[in-house]
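Student: I have a model open and want to go through the packing and the strands. Can you take me through it?

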Amino acid sequence: NWLNLGDHIQLTSRRWLRLQEYQSKRLMSNNGVRVQRFFVADTVNEALEAAKRLNAKEIVLKAQILAGGRGKRVFNSGLKGGVHLTKDPKLAKQMIGYNLVTKQTPKEDVKVNKVMVAEAFDISRETYLAVLMDRSCNGPPPGGVDVEEVAASNPELIFKEQIDIFEGIKDSQAQRMAENLGFVGPLKSQAADQLTKLYNLFLKIGATQVEVNPFVVCFDAKINFDDNAEFRQKDIFAMDDKSENEPIENEAAKYDLKYIGLDGNIACFVKGAGLAMATCDIIFLNGGKPANFLDLGGGVKEAQVYQAFTLLTANPKVEAILVNIFGSIVNCAIIANGITKACWELELKVPLLVRLEGTNIQEAQKILNNSGLPITSAIDLEDAAKKAVATVAKK
């Protein structure tokens with residue numbers, strides 16, 4: 001998920017529910033999808049015990065992090081690769097508690113706190129299958145290693161089947177996809193059965209993507225979710241792994257605030273994701289650097305405004321705060337009351353620039369004017385950005 005802020009492109013942190021691989025596998029197993037036997041270990045001793053319980057000729061040790069590309073990267077312990085086919089579970093000593101960097105992790109790497117210890121199988125043929133939501137057909141087409149490379153080099157090996165989301169998957173469709181994937185005889189029926197179960201799981205849990213690799217016995221699992229389904233999937237969303245998030249982002253989420261830290265010194269306090277991005281862009285275009293992306297989210301309350309200021313002022317790099325509120329449904333008086341309370345109680349020590357437009361704007365301006373706070377007002381976003389950049393430049 002990319003956030004384009006003018007010429008400075010930042011890779012954003014998580015915005016949707018993410019599960020570790022072992023959690024996705026448990027969901028699949030609980031819904032009749034075949035997965036390899038596995039255990040999850042938080043310590044080396046647990047990994048050794050898991051291997052003993054599996055009693056397999058070989059095991060697979062897999063670092064549990066939310067980023068992909070684990071197999072081709074290096075731990076800061078010196079161990080190469082986050083996925084190991086081995087007979088020696090003691091390799092977990094060089095995985096648990098160490099950092100792993102992949103193409104999809106932050107520059108500072110991600111600490112591995114869990115490993116999955118799984119039974120190893122010989123894979124005679126690699127196949128890949130995903131059920132995903134396709135906007136072009138208003139439903140989920142299942143398709144069916146490195147699937148991106150296959151799609152580029154051998155597109156004829158990628159098969160797609162559109163499914164009517166109201167009618168559900170038909171046996172003929174499941175059988176055809178199983179045949180496309182090269183299954184014959186009894187295996188064809190087994191594959192079709194597994195495909196149907198994956199599709200049913202996809203609908204049951206409100207997913208946007210269910211992926212297994214290889215198919216039919218799942219060694220690698222990935223499930224993406226539609227956050228709009230959270231109200232009816234509370235048990236699943238309670239599994240959300242937030243350990244790899246920045247602590248400040250987890251704190252912001254408690255108050256329905258969307259926060260992403262950036263590397264500048266002008267803090268942004270904005271209502272609406274689009275306006276928040278525009279605010280960051282205009283600060284940048286006027287020679288400044290935004291310190292964050294912050295969207296107030298849903299219905300704005302004074303307590304939410306207060307918590308937003310608490311987060312912004314906790315950043316020692318912040319040298320000014322720009323408030324940009326625009327919208328007919330936003331009660332500016334609530335924003336103004338929240339701002340004044342936060343500024344007094346937090347003893348704000350950096351310049352504050354405010355641009356407000358919306359419902360109760362006159363009352364809001366009166367509240368700010370009578371607050372006794374050294375607030376600089378702006379007539380529009382351009383004016384606010386210029387004043388914010390000029391204020392920081394004076395320091």
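Tutor: Start with strand E4 (residues 59-63), which is joined to E6 by 4 bridges, the two running antiparallel. Strands pair here if DSSP finds at least two bridges between them. Helices (H or I, at least four residues) and strands (E, at least two) are DSSP runs, numbered from the N terminus.

Student: What kind of model is this, and how are residues numbered?
Tutor: This is a predicted model, where local features need pLDDT of at least 70 and side-chain atom pairs count only at pLDDT 80 or more, while totals for chains, interfaces and linings use all residues. Residues are numbered from 1 along each chain as its sequence is written, and side-chain values use heavy atoms, with hydrogens and water left out.

Student: Back to E6. Which residue stands opposite His84?
Tutor: Leu61 does.

Student: And which side chains of strand E6 are buried?
Tutor: His84 and Thr86, which point to one face of E6 (residues 83-86). Val83 and Leu85 point to the other face and are not buried. Buried means under 20% relative accessible area, exposed over 50%, and partly exposed in between, with a 1.4 Å probe and protein chains only.

Student: What sits ahead of E4?
Tutor: The loop between helix H2 (44-54) and E4 holds Asn55. Its phi is near 50°, a positive value in a residue other than glycine. Most residues other than glycine have a negative phi. Asn55 counts as exposed, at 68% relative accessibility.

Student: Where else is there a positive phi?
Tutor: Asn360 has one of about 60°, and it is not a glycine. Asn360 lies in the loop between strand E18 (352-359) and helix H11 (361-369). At 33% relative accessibility, Asn360 counts as partly exposed. Gly182, just after H4, also takes a positive phi, about 90°.

Student: What about the open sheet: in what order do its strands run?
Tutor: E5-E7-E8, 3 strands with antiparallel pairing. Strand E5 (74-75) and strand E8 (110-111) are the edges, each pairing on one side only. Strand E7 (residues 99-101) and E8 pair over 2 bridges. Asn99 stands opposite Lys111 in E8.

Student: Switching to the interior. How many residues are in the largest nonpolar core?
Tutor: 36. A nonpolar core is a set of buried Ala, Val, Leu, Ile, Met, Phe, Trp, Tyr and Cys residues joined through side-chain atoms within 4.5 Å. Those with the most contacts inside the core include Met28, Leu129, Leu198 and Phe225.

Student: Which element gives the most to this core?
Tutor: H5, with 7 residues. Among the others supplying at least two each are helix H1 (21-30), helix H4 (171-180) and strand E12 (207-213).

Student: Why does this core lie between domain 1 and domain 2?
Tutor: Because domain 1 (37-119) and domain 2 (127-238) both give residues to it. The domain bounds come from an automatic or database domain assignment.

Student: What does Leu198 touch?
Tutor: Met28, Val33, Leu129, Val131, Val210, Val212 and Phe215, leaving out residues up to four places away in sequence. Contact means heavy atoms within 4.5 Å. There is also a second, separate core of 35 residues, which includes Ala267, Phe269, Leu294 and Cys343.

Student: How many aromatic pairs are there?
Tutor: The count comes to 3. Rings of Phe, Tyr and Trp (its six-membered ring) pair if their centres lie within 6.5 Å; planes under 30 degrees apart count as stacked, over 60 as edge-to-face and the rest as tilted. Phe225 and Phe237 have ring centres 6.2 Å apart and planes at 65°, so this pair is edge-to-face. Phe225 lies in strand E13 and Phe237 in helix H6, so the pair ties together parts 12 residues apart in sequence. Both residues are buried.

Student: And what of Phe269 and Phe309?
Tutor: Their ring centres are 5.2 Å apart and their planes at 50°, so the pair is tilted. Phe269 is in strand E15 (residues 266-270) and Phe309 in helix H9 (residues 302-313), 40 residues apart. Phe269 is buried, with a relative accessible area of 0%. Phe309 is buried as well, at 0%.

Student: Which lysine lies over the face of Tyr306?
Tutor: Lys341, at 5.5 Å from the ring centre. Lys25 lies over the face of Phe38, at 5.9 Å from the ring centre. A charge sits over a ring if NZ of Lys or CZ of Arg is within 6 Å of the ring centre and within 35 degrees of the ring normal.
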